[in-house]
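Here's a walk through one protein model, with an eye on its inner strand and its empty spaces. Have the coordinates open as you read.

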Amino acid sequence: MVENFSYVFQRRERIGIVGQNGVGKSTFLNLLTGKIQPDSGEITKGETIVYGYYTQEGIKLPEDKRVIEVVQEIAEEIELDKGQKLSPAQLLERFLFDRDKQYNYVSTLSGGERRRLYLLTVLVQNPNFLILDEPTNDLDLLTLNVLEEFLTDFGGCLIIVTHDRYFMDKLVDHLFVFEGEGFIRDFNGKYREYREFKHLQELEKEKEKKESKQGKQKEEKSTKKTADDTQKRKLSYKEQKEYEGLEQEIEQLEEKKDELTEKLNSGTLDHEELQNTSQKLGEIIDLIDSKTERWLELAEFI
């Protein structure tokens, strides 16, 4: 599931993992954490590495323990960046378990509270290599806001897998993009920038495809010309005006296309503006293609 990939992780590195289902993201994380062994190649774990792995495999918590006991049994304090430390009670309070709630039994917790406590059992292990696999699927918005703030003080390496691109863009610096057949692209930028990169790639491919098609059509028309082409009909007055108007329209549309492309590349658009601008750009390109095709038809009789 992973081919020809080599990487050395650094402290305070923040990586987002993206890719379609079934392309090897979970396999990669399981290889990384030693849950499964590679068929070939080597994974070298640093001597001081402590993994913290928040997964989707289910929450297993002792029902007969109090909330604070669950955390205390793992560690008596958690270290933050810059020498800061939190006690179990402080950590619980930070993640919305007030002092009364901390002494409730696990069996009395709601589903959302259980998921929040499970997250804390990962964080309290003092990991310096933290992996969060789809945290936005399980955690409520308030908890995610607290987690985001907590991670700004996290001094280790962070890997996030999530379909919530806004959460990811706030926290990661670059991406591992799983493109299929074992290939992983290391993209230097946030998901928003990667999406713009892919969109421009697709537009360029579509443009090349259409230009190739037009070229073939023009070549086919050219081969059909005979010696009496000089006798071909002339444009009517209406067609002549249409031909001249098309030249101006195509020129204006090309200018509009350049403006929209520059806007897409600016990096200043929010999600809604990006969608709208991309849609407009696609419409402009379609117009250019259709009008260019008509212009070529009329040009045959000039």
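What follows covers a strand and its partners, a threonine beside it, the cavities and pockets, and one loop aspartate. Keep in mind that this is a predicted model.

**The strand β1**

Let's start with β1, which spans residues 14-19. How much of β1 is buried? Five of its six residues are, so the strand is largely enclosed by the rest of the structure.

β1 has two strand partners to look at. With β6 (residues 157-161), β1 pairs in the parallel sense, and the pairing runs over four bridges. Here Arg14 stands opposite Leu158 of β6. With β7 (residues 174-180), the pairing is again parallel, over five bridges. On that side, Ile15 has His174 of β7 as its bridge partner. As a general reminder, side chains in a regular strand alternate between the two faces of the sheet.

**Thr162, a buried loop residue**

Thr162 sits in the loop between β6 and α7 (165-171). Is Thr162 buried or exposed? Its relative accessibility is 2%, and buried means under 20%, so Thr162 counts as buried.

Which residues does Thr162 meet, once neighbours within four places in sequence are set aside? The contacts are Ile17, Glu134, Pro135, Thr136, Phe167 and Met168. With Thr136 there's also a polar contact between the two side chains, at 2.8 Å. Ile17, another of the contacts of Thr162, falls within the residue range of β1.

**Cavities and pockets**

Rolling a probe the size of a water molecule over the atoms shows where empty space is left. Searching the whole structure this way turns up two cavities of 30 Å³ or more. The second largest cavity is worth a stop, since Thr162 turns up again in its lining. Its other lining residues are Ile17, Val18, Gly19, Lys25, Glu134, Val161, His163 and Arg165. β1 supplies the largest share of that lining, with three residues.

There are open pockets as well. Here are the three spaces together:

| Space | Volume | Lining by class |
|---|---|---|
| Largest pocket | about 840 Å³ | 15 nonpolar, eight polar, four charged residues |
| Second largest pocket | about 380 Å³ | 10 nonpolar, six polar, five charged residues |
| Second largest cavity | about 30 Å³ | three nonpolar, three polar, three charged residues |

The largest pocket holds about 840 Å³ of space. Of its 27 lining residues, Val2, Phe5, Leu31, Glu42 and Ile43 are the closest to the centre. Helix α1 (residues 25-32) gives the largest share of this lining, four residues.

The second largest pocket is lined by 21 residues. Those nearest its centre are Pro127, Asn128, Phe154, Gly155 and Gly156.

**Asp81 and its distant partners in sequence**

One last spot is Asp81, in the loop between β3 (78-79) and β4 (85-86). At 19% relative accessibility, Asp81 counts as buried.

Where does the chain come back to Asp81? Phe154 is 73 residues away along the chain, and yet the two C-alpha atoms are separated by 5.7 Å. Leaving out residues up to four places away in sequence, Asp81 touches Arg11, Arg12, Asp153 and Gly155. One of these, Gly155, also belongs to the residues nearest the centre of the second largest pocket, as does Phe154.

Notes. Residues are numbered from 1 along each chain as its sequence is written. This is a predicted model: local features need pLDDT of at least 70, side-chain atom pairs count only at pLDDT 80 or more; totals for chains, interfaces and linings use all residues. Side-chain values use heavy atoms; hydrogens and water are left out. Buried means under 20% relative accessible area, exposed over 50%, partly exposed in between (1.4 Å probe, protein chains only). Two strands pair if DSSP finds at least two bridges between them. A polar contact is a pair of N or O atoms within 3.5 Å; within protein, one must be able to donate a hydrogen and the other to accept it, and residues adjacent in sequence count only if both atoms are side-chain atoms. Contact means heavy atoms within 4.5 Å. On a 1 Å grid over the protein atoms alone, a cavity is a set of points where a 1.4 Å probe fits but cannot get out, and a pocket is an open set with protein on both sides within 12 Å along at least five of seven lines; lining residues have an atom within 4 Å of a point. Grid points are joined across faces, edges and corners, and a volume is the space filled by probe spheres set on the points. Ala, Val, Leu, Ile, Met, Phe, Trp, Tyr, Cys and Pro count as nonpolar, Asp, Glu, Lys and Arg as charged, and the others, Gly among them, as polar.
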